[in-house]
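Trainee: Before we discuss this, could you show me the sequence and the structure, and then let me ask how each label is earned?

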Amino acid sequence: MKLNKWIAVLATSVAMPLMANAAELEVTHWWTSGGEAAAVAEFAKAFDATGNKWVDGAIAGSGDVARPIIISRILGGNPMGATQLNPGKDADDLIAAGLMQDLTELAVAEDWANILRPKSQLESCTKDGKVYCVPVNLHSGQWMWTNRKVYEDAGIAPPQNWAEMIAAAPALKEKGIIPLSLAEGWPVGLLTEDLIVAIAGVDNYVAVYQDRNMELARGPEFAAVFKAIDEARQIIDPKTVVPQWNDAVALVIQGKAAANVMGDWAGGEFAVAGMVAGKDFDCLPGLGVEPVLGTGGDVFYFPKSDDPEVTKAQFAMASMMVTKEVQVAFNLKKGSLPMRADVDLSAANDCMKKGLEILDKGTKVFPNNSQMIDRDSLNQINDVMKEFFSDLSITPEAAQEQFAAIIEAAPK
Amino acid sequence: MAMSSAVAIDPSGAKPKPLFAPGRVLIYSLLIVTSIYYLVPLYVMIITSLKDLDQIREGNIFIPTLKPSFDAWVKAWSQACTGLNCTGLAPGFWNSVFITVPSVIVSIAVASISGYSLAMWPFKLAEWCFTILLVGSFIPYQVFLYPLVIITREMGIYSTLYAVIFVHTVFGLPILTLLFRNYFASLPNELFKAARVDGAGYWRIFFRVLAPMSLPIFTVAVILQVTGIWNDFLFGVIYAGPTNYPMTVQLNNIVNSLQGVKEYNVEMAATILTGLVPLTIYFLSGKYFVRGIAAGAVKG
Amino acid sequence: MSEVKRPNPLFRNLTSKLAASPMIFIVLVVFVGSTMWTVASSFTGIKTLPIFTPQEFYDNWVGWDQYVRLWNTPRWITSITNLAIYGILYSGFAFVIGFLLAVLMDQKIRAEGVFRTIYLYPFALSFIVTGKVWAWVLNPAFGLEKTVRDMGWTSFSFDWLTNRDMAIYTVVIAGLWQGTGLVMALMLAGLRSIDDEIWRAARVDGIPKWRTYLQIVVPMMRPVMITIFVIVASGSVRVYDLVLALTQGGPGNSSQVPSMYIYEKLFVGALAQGTAASSVLLLATAIILIPWIIVEFGKKSRE
């Protein structure tokens, strides 16, 4: 291995030490759009105020692009100081391999277990009793968005739930309006889960996804869900299916489509367009059937470092992310709900307030899908649903059976 | 490199014929019609980059705007934001140059010499390796990501420019080696024999005899590598380390950002700007596609 | 060493061996090493993090489970079928169009540089962008179909992009747009490696130009043709970004290709499933290619 040595010598003689200043932390994340970047800026500002330096390492393209990069960097021995990563099962291997910083000490000292809510978020950061990540916000995916003007122009009262939206579809179609806009890919899976929650109910959703109750997955409650999806696919013209979720939301904003099912992040799109909730558009949690809130959210992990200065800065960053001021400033920009109940959110918009109300009651709050089942299985479910939506020859019964088979095979 | 030792050779064929002979008209018509198919998407990209967002939302993608504006171009080059850094494509430009130039040179040097060894001075081990390389050219790149992280880490070069040069050399190797091996194999055998009779050795034959008559294939290799390496995003971002991020990282951030208003005009401008470097190389290297090099060298 | 007057066989081989050693190093360490890792990983149940030590492989061993799952996945079957369709159409058309363009370019035309650049420029753009632009042009809602209808031909229909049965063909259209320029350039390089003497001789013998091309020049270009074949064929197997940007594998899963499946599984927490799919692809390629390579390149090489 002559070449090997030669290159190694050459490399070490020239390579620059990456982190000369130990208080500089490179942070990788995939928040690159306007609102997201503004939210990150709040973190950066607060972190710089602690005397450290936030070095931004944004990589667009959600987790799919960033994940291999993040894992490679950790594996290659040149990890970033902190990184966004999906909560739940994604990081389990990295934790098991001892590559992630244990934050338990800080979490206990600051009493995260009591100041952060809901419990499920901190639990998804906890493995074998130790805390490995900081939850920074809550996002929920169970919302229906409707353009009031479109319905009023058609002489229909704006629907207040899923069934009314379906009922109004034929009249809208006649007028050349898309009754329900849809984006290709994972939004199909999101719509499926939202309908499960709305039609089969939260308890049954959790029973199937978390407890793997197979009788239920193959039973009549879920058959009703697939029936509803069948209705939805009948009213969607394949030519109107768009590539990305924000294209589908844009159709509603422009009045070309009447309704869309999407997470609370769609609220930001309406806000940018200058539309007001309750006047120009409606946001209906739980698709208007029953107000519920799934608790997905963003978390930050801190890859282990040999440098005590870096470790110190990592703890400072983790602590900063859950302080009251930062939680408010960050979440208002991000359009998500804060992790703390003890903060003032009078500046929040109507949709966020609806969410907070559900959160405060705490009864209809349930864990995010990725906390209950692995991403690989979720993707397989998406595959089944995508096919079901685009190929009308697949019967609801067949799709339900394929769905159940994936749940059954999913690792516990 | 071999390209620089180019000997100026005049085209030995006749000068271009007059434009209006009947056969000529047919040839030019065909060329122009096919050109339209190739140009339509570029046309769409350019006119889109000159529109503002309202015009894009309401207008037809094929209809040009009456009020063209270069704002999107300025934004793409120097203002577009990625997370907190609102610096556009510009800062990554030099990193891309520092990655592309050595990677192109090293990968072509390694592959052309390997191809030469295989074509002219073959031995068993090299031939076996070549077979493996050919099969290897069909493996999706993604499969190599993690093993290469480990290999470059063990070599002590992970997260440096050397790692990304090494990786580009690895991925360029199958196709380039094949390209050179086959090109050298297609040259008239007498040339090689004559040089051997004259007492020329391995390197002398390569540099003095083969390289000068292989300019078209070196040009193709440069086109292939410059494009691949310049447009690469994944290897740059994984192996080069954050201080060496190429401009495609920024391009990805502009094109792949989801939330907020999609700025199609900035996307298109950023794309064209990023593509300008390979395009310029194509145009400049064109003169090395000259007819009659082989004949000239034989007689020379 | 180039100054040696009478090359001695041992010494000569030594130079060649030394010169080829970087290639040999890369092949043995990277290609063979990664392939062995890939195949070994496909028999494990690993999820997110790759493993490298024998002990870890032993601990995670699951036998053929990943392959059973793979062949029971409808999406994988669709992907393989689409790869066959795309590979055959893309390779076939790339050869024909690339050759015709190269011959046209070879007619001592004016502005050759301009035309060459026009045909080549799509190759300078990334697949992601190629996919996005064609997704616009082919989108029935605001692209070609709408434009033609707006011009008065209201029954005009071109909805391949959103049609389950036709979506994979839009990938062929966009792929050809991006890739034929390079094939043209390679053919042109090949055409120009042909000794002018051949052309002169053919002219003297009164052989028509088209016959000179087909019967004399093309057979002489065989080595370049093989290079092109490997480039277009391996390009088809690896096609990924283009499909992602153009159709996202949709509608439904109707235009999925194997590399999309592999990439997704490798990095979504099903690493072993991704390596199993790659191993299948690798095995299929090896079965098709190795006999051909032995016949094609095994014939006594030069000298």
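Mentor: Buried residues make up 54% of the 300 residues in chain B. This is a predicted model, in which local features need pLDDT of at least 70 and side-chain atom pairs count only at pLDDT 80 or more, while totals for chains, interfaces and linings use all residues. Residues are numbered from 1 along each chain as its sequence is written, and chains are lettered from A and ligands numbered from 1 in the order in which they are written.

Trainee: What makes a residue in chain B count as buried?

Mentor: A residue is called buried because 20 or more other C-beta atoms, placed from the backbone, lie within 10 Å of its own, whereas 12 or fewer would make it exposed and a count in between partly exposed. In chain B, 54% of the 300 residues pass that test.

Trainee: How many helices and strands does chain B have?

Mentor: Chain B has 14 helices and zero strands, where helices (H or I, at least four residues) and strands (E, at least two) are DSSP runs numbered from the N terminus.

Trainee: How many residues does each chain bring to the contact between chain A and chain B?

Mentor: Chain B brings 30 residues and chain A brings 40 residues, with two residues taken to be in contact if their C-beta atoms, placed from the backbone, lie within 7 Å. On the side of chain B that touches chain A, α6 (145-155), α11 (234-239) and α12 (247-256) of chain B each supply at least two residues, and α6(B) gives the most, with five residues.

Trainee: Which domains is chain A divided into?

Mentor: The bounds, which come from an automatic or database domain assignment, give domain 1 (18-139 + 296-361) and domain 2 (143-295 + 367-409) of chain A. Their C-alpha centres lie 29 Å apart, and 23 residues of domain 1 are in contact with 21 residues of domain 2. On the domain 1 side of that contact, α18(A) gives the most, with six residues.

Trainee: Why is there said to be a kink at A:Ala168?

Mentor: The bend at a residue is the angle between axes fitted to the seven residues ending there and the seven starting there, and at A:Ala168 in helix α9 (residues 162-174) of chain A the kink is about 40°, shortly before the proline A:Pro170. A:Ala168 is also one of the buried residues of α9(A), along with A:Trp162, A:Met165, A:Ala169 and A:Leu172. The buried residues of α9(A) pack against elements of chain A including α8 (148-153) and α10 (186-200).
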